[in-house]
Amino acid sequence: MQRGTSGLAPDSKLDMHASENPPGTPLHIGIPISDHQADNYYHDQLTMRSSPYSTNPNKGQQRAPPRKKACQNCTKSKVRCGLEKPICSRCRSKGRNCQYPPGRVTTPEIEVTSTASDAREHYTPLLDIQGLADTAIAPEPVSLIPESGPAAAFRSPRPRAVTSGQTRPLDLVFTDIDLTPSANAVDIRDRWLRPYLLPPLGRDEIPKAYHPFTLQYITIILKTYPRYMLKDGGFPPIIHHTQVNTNQMPQSLANCYSLVRMWEQAAPGSETMVMGTVEAEMERLASETMSQHDYDLLCSFQAYLVYTISMYFSPLGNVSAVTDKTMMTLMELAFRTAQNGLSCTAEITHTRPNWESWIVVSAKRRAIYTMYLLSSVYNSDRGLPNFVADEMKGVYVPESRVLWEAADRGVWEKEYDRHLLEWEDGMLEISELWRSAETGSTERRERLGKWVRGVDEFGMMLFAICAHTHGC
């Protein structure tokens, strides 16, 4: 008997142990299968009709003895598994962690039918890779991401932003924000506007010259930020996951998700309509009053920043719609949220703030640092000067990954207590990444090393730019 196109006679014993689907289970449209699975399916049909284990004359309605499932590594590689336990021969030879899927109780006398539950039960994602596993779609909108492994952090019953295994929207109260107002907010706005409108103030300015390769690096990184939002559950590193994974997403961010997808996926001929829609939303954000709550001001600034990045680095029709007015408005929105504070009151006293306050102030700092980088690229492209931002002295750098990605309040509070113990001498400030008399000293490099060991990709990007510009 020939099986498939291989020209090889099937080994009934081996085939019975290598199949991923129980005998008789039909191939469901929309579920990705390999050639090996397809071969096993047709072999199943023959086995079910002529199985020596069947005692019922109505053999078409019975299951053959269940096949043993291959290990997860062999399944993903689409190769035959040796089925040795606890470690199969292939995983042992490659030094991999061998894991078998949990067993399933079978009932040989039950009639085989095609149902949606069967499709979900036998469906196995083939892309079990973090960031890709959640793109596999089952016949019904249920989570197909494994409960363990690298992709587990994205597991969610809904296509919403989830990190570290969080499966339900968080119920946070962002009205209870305890920040210390910033005395330098006006100076920040005036300094960023100086290359456009204001004359020099008669005091020394420290120019900041970027290498062309550094500007290229910044461009490539920032260009990816809006594209995080194209995938369900994705968010750029300037937006905290709790801002998205909430019972009610802020209106400005909800609009931003929809409009970014419209912008990035605009059909040919629709560019004018898409651009007009995005510009109208940006005008709405700019016209909002400063009397809004600080959290709403932050969300408006984040959304406007994302729009500006999209328009500048991914223009529709290859013509950038970002103008000096766009940048001035962006800086005005940054000022509105910065004046309410860039530090928690508890951070200044070296105690633990509430989670909501820390989320807001951390997202603020990340968004403002990103605006600095965008402004640097914009100014350099137009021959405008960039200056060291002395007004940002005292503002903290992005904290560790474990704090930023903490899934819930309890986890964050424990990690923040560890953070306080680790930084008893005071958290690293952004000015410590600039060139000074302490640059290159043993003490400065020890502090930098301690910070770099725990930061996420955003913090590492910020460190790389500052180190290349100022040294370390």
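Axes here are lines fitted to C-alpha atoms, for helices over the stretch in contact, and the angles between them run from 0 to 180 degrees between N-to-C directions. In this predicted model, that convention applies to helix 14 and helix 16 (residues 409–422), whose axes come within 11 Å and cross at roughly 75°. Since angles of 65 to 115 degrees count as roughly perpendicular, helix 14 and helix 16 are therefore roughly perpendicular to each other. The residues that meet are Trp355, Glu356 and Trp358 on the side of helix 14, and Arg409, Trp412 and Tyr416 on the side of helix 16. By class, the residues of this contact divide into 4 nonpolar, no polar and 2 charged.

**Overall make-up and cores**

The protein contains 18 helices and 2 strands, and 47% of its 472 residues count as buried. Among the contacts with a sequence separation of 6 or more, 71% are accounted for by residues 24 or more positions apart.

The largest nonpolar core comprises 96 residues, and those with the most contacts inside it are Tyr307, Leu374, Met392, Ile430, Leu433 and Trp451. Helix 14, which spans residues 355–381, gives the most to this core, with 15 residues. For Leu374, leaving aside neighbours within four places in sequence, the contacts are Leu222, Leu305, Thr308, Ile309, Tyr312, Phe313, Met327 and Leu330. Apart from the largest core lies another core, of 9 residues, which includes Cys81, Cys88, Cys91 and Cys98.

**Aromatic pairs**

A pair of aromatic rings is described by the distance of the centres and the angle of the planes. With ring centres required to lie within 6.5 Å, the count comes to 8 aromatic pairs. Two of these pairs are set out below.

| Pair | Distance of centres | Angle of planes | Arrangement |
|---|---|---|---|
| Tyr225 and Tyr228 | 6.3 Å | 65° | edge-to-face |
| Trp451 and Phe463 | 6.2 Å | 75° | edge-to-face |

Why is the pair of Tyr225 and Tyr228 edge-to-face? The planes of these two rings stand at 65°, and planes over 60 degrees apart count as edge-to-face. Tyr225 is buried, at 3% relative accessibility, whereas Tyr228, at 39%, is partly exposed.

The rings of Trp451 and Phe463 have their planes at 75°, so this pair is likewise edge-to-face. Trp451 and Phe463 link distant parts of the chain, with Trp451 in helix 17 (residues 442–452), Phe463 in helix 18 (residues 457–470), and their positions 12 residues apart. Trp451 is buried, with a relative accessible area of 3%, and Phe463, at 19% relative accessibility, also counts as buried, the limit for that class being under 20%. Trp451 also appears among the residues with the most contacts inside the largest nonpolar core.

An aromatic cluster is formed by Trp358, Trp404, Trp412 and Tyr416. Of its members, Trp358, Trp412 and Tyr416 take part in the meeting of helix 14 with helix 16.

**Pro237 and Ala346**

Pro237 is found in the loop between helix 7 (212–224) and helix 8 (241–244), and at 15% relative accessibility this proline counts as buried. Not counting residues up to four places away in sequence, Pro237 touches Tyr225, Tyr228, Arg366, Trp404 and Phe458, a list that includes both rings of the edge-to-face tyrosine pair. Pro237 and Arg366 are 129 residues apart along the chain, yet their C-alpha atoms are separated by 7.7 Å.

Ala346 has its place in helix 13 (residues 345–348) and is buried, at 12% relative accessibility. Its C-alpha atom lies 8.2 Å from that of Leu179, although Ala346 and Leu179 are 167 residues apart in sequence. When residues up to four places away in sequence are not counted, Ala346 touches Thr351, Arg352 and Pro353.

**Backbone exceptions**

Most residues other than glycine have a negative phi, and most peptide bonds are trans. Lys78, which is not a glycine, has a positive phi of about 60°; this lysine lies in the loop between helix 3 (72–77) and helix 4 (89–94) and, at 49% relative accessibility, counts as partly exposed. Leu83 is found in the loop between helix 3 and helix 4 as well, and its phi is near 70°, again a positive value in a residue other than glycine.

Note on methods:
Residues numbered from 1 in each chain as written. Predicted model: local features only at pLDDT ≥ 70, side-chain atom pairs only at ≥ 80, totals over all residues. Heavy atoms only, no water. Core = buried A, V, L, I, M, F, W, Y, C linked by side-chain atoms within 4.5 Å. Buried < 20%, exposed > 50% of the residue type's maximum accessible area, 1.4 Å probe, protein only. Helix = DSSP H or I, 4+ residues; strand = E, 2+ residues; numbered from the N terminus. Contact = heavy atoms within 4.5 Å. Parallel < 35°, antiparallel > 145°, perpendicular 65-115°, else oblique. Nonpolar A, V, L, I, M, F, W, Y, C, P; charged D, E, K, R; others polar. Phe/Tyr/Trp six-rings, centres within 6.5 Å; stacked < 30°, edge-to-face > 60°.
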